[in-house]
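Dear colleague,

I am handing over the structure we spoke about, and I would be glad if you could look through it with the notes below beside you.

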Amino acid sequence: MTNAPFSSQSPSLDSATSAPATRSGGRVAGKVALVTGAARGLGASFARMLVSEGASVILTDVLDEIGTELAASLGDRARYVHLDVRDYEEWERAVAESIAAFGRLDVLVNNAGVVRSSPIDEHPTDDWKLVIDVNLTGSFYGIRAAAAALRASGSASIINVSSEAGLQGYERISGYNASKFGLRGLTKSAALDLGRHNIRVNTVHPGMTRTPLLEGREFPQDHVALHRVGEMDEVARLVLFLASDESSFSTGSEFVADGGEAAGLVRS
């Protein structure tokens, strides 16, 4: 294979490297984002952050009542759409709703995910299929269904929410580990395929984060450099950066918010 990054078919350096002008009214003002798994937890925090910074957001989930209430609380720049990410036709409808409601699509946040826990030699095959279908195939479906709309944007961003479990192994969650590592590979391949259309594709890797699922439970983090769990807004600010034009030269990369866990272990 010939490596010719500056061939006659490549854009000029000036056009390829000039970042879009900053939009007024917020860091993502004028952009339209679709967020999966947005009814609660991290997905809800991403939706709130994007709306607060000027974006219009399509919130999707299978938790219709909670998602509808959240969208209503965010005002006219938010809509809720039912989406089971395992269903490609539902993906097509969600993308169409983004266009119908707001006229465009600039940002896709593949956040929906599930986890099932058991040793690999006891891991139910149905649980494996569920986790792979939601976490990995669901993200592929999203990229595939949204690609044409994102190309039309002219400057788009796909943010695949992986995990610390996409960077290192953990016992008892083989399906989740495999799906999150797989999401890194999918991201890099998509970044190469879509870069020519000025669509950036990156992964976000949260560590242990204080979501409603952690309420009333303790997870000591003495082994982590910062000695604490993360807050949802800390991850949401990373998603905001990747959704914005501030990250216009970043694609195919991992962005980690884990308090230093991936760096290694510290003594308690």
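What follows goes through the nonpolar cores, one strand residue, the aromatic pairs and two backbone angles, in that order.

Please keep in mind throughout that this is a predicted model.

The largest nonpolar core holds 33 residues, and those that touch the most other members are F46, L50, V57, L59, V109 and I159. At least two residues of this core come from each of β1 (32-35), α2 (41-52), β2 (56-61), α3 (64-74), β3 (78-82), β4 (107-110), β5 and α7 (232-243), and the largest share, eight residues, is supplied by α7. For L59, once residues up to four places away in sequence are set aside, the residues touched are V35, A38, A47, L70, A71, L74, A78, R79, Y80 and V81. There is also a second, separate core, made of 26 residues, with V134, I143, A156 and L194 among them.

In strand β6 (residues 199-206) you will find T203, which has a relative accessible area of 0% and is therefore buried. Apart from its neighbours within four places in sequence, T203 makes contact with N160, S162, L183, R184, T187, S253, E254 and F255.

Turning to the aromatic rings, the count comes to three pairs. In one of them, the rings of Y88 and Y141 have centres 5.5 Å apart and planes at 75°, and because planes over 60 degrees apart count as edge-to-face, the pair is classed that way. This pair links distant parts of the chain, since Y88 belongs to helix α4 (residues 88-102) and Y141 to helix α5 (residues 125-153), with their positions 53 residues apart. Y88 is partly exposed at a relative accessible area of 25%, and Y141, at 24%, is also counted as partly exposed. Ring pairs join Y88, F140 and Y141 into a cluster.

Finally, two backbone angles may deserve your attention, given that most residues other than glycine have a negative phi. R172, which is not a glycine, has a positive phi near 75°; R172 sits in the loop between β5 (156-161) and α6 (174-194) and, with a relative accessible area of 42%, is partly exposed. N198, likewise not a glycine, has a positive phi of about 60°; N198 lies in the loop between α6 and β6 and is partly exposed, its relative accessible area being 37%.

With best wishes

Methods
Residues numbered from 1 in each chain as written. Predicted model: local features only at pLDDT ≥ 70, side-chain atom pairs only at ≥ 80, totals over all residues. Heavy atoms only, no water. Phe/Tyr/Trp six-rings, centres within 6.5 Å; stacked < 30°, edge-to-face > 60°. Helix = DSSP H or I, 4+ residues; strand = E, 2+ residues; numbered from the N terminus. Buried < 20%, exposed > 50% of the residue type's maximum accessible area, 1.4 Å probe, protein only. Contact = heavy atoms within 4.5 Å. Core = buried A, V, L, I, M, F, W, Y, C linked by side-chain atoms within 4.5 Å.
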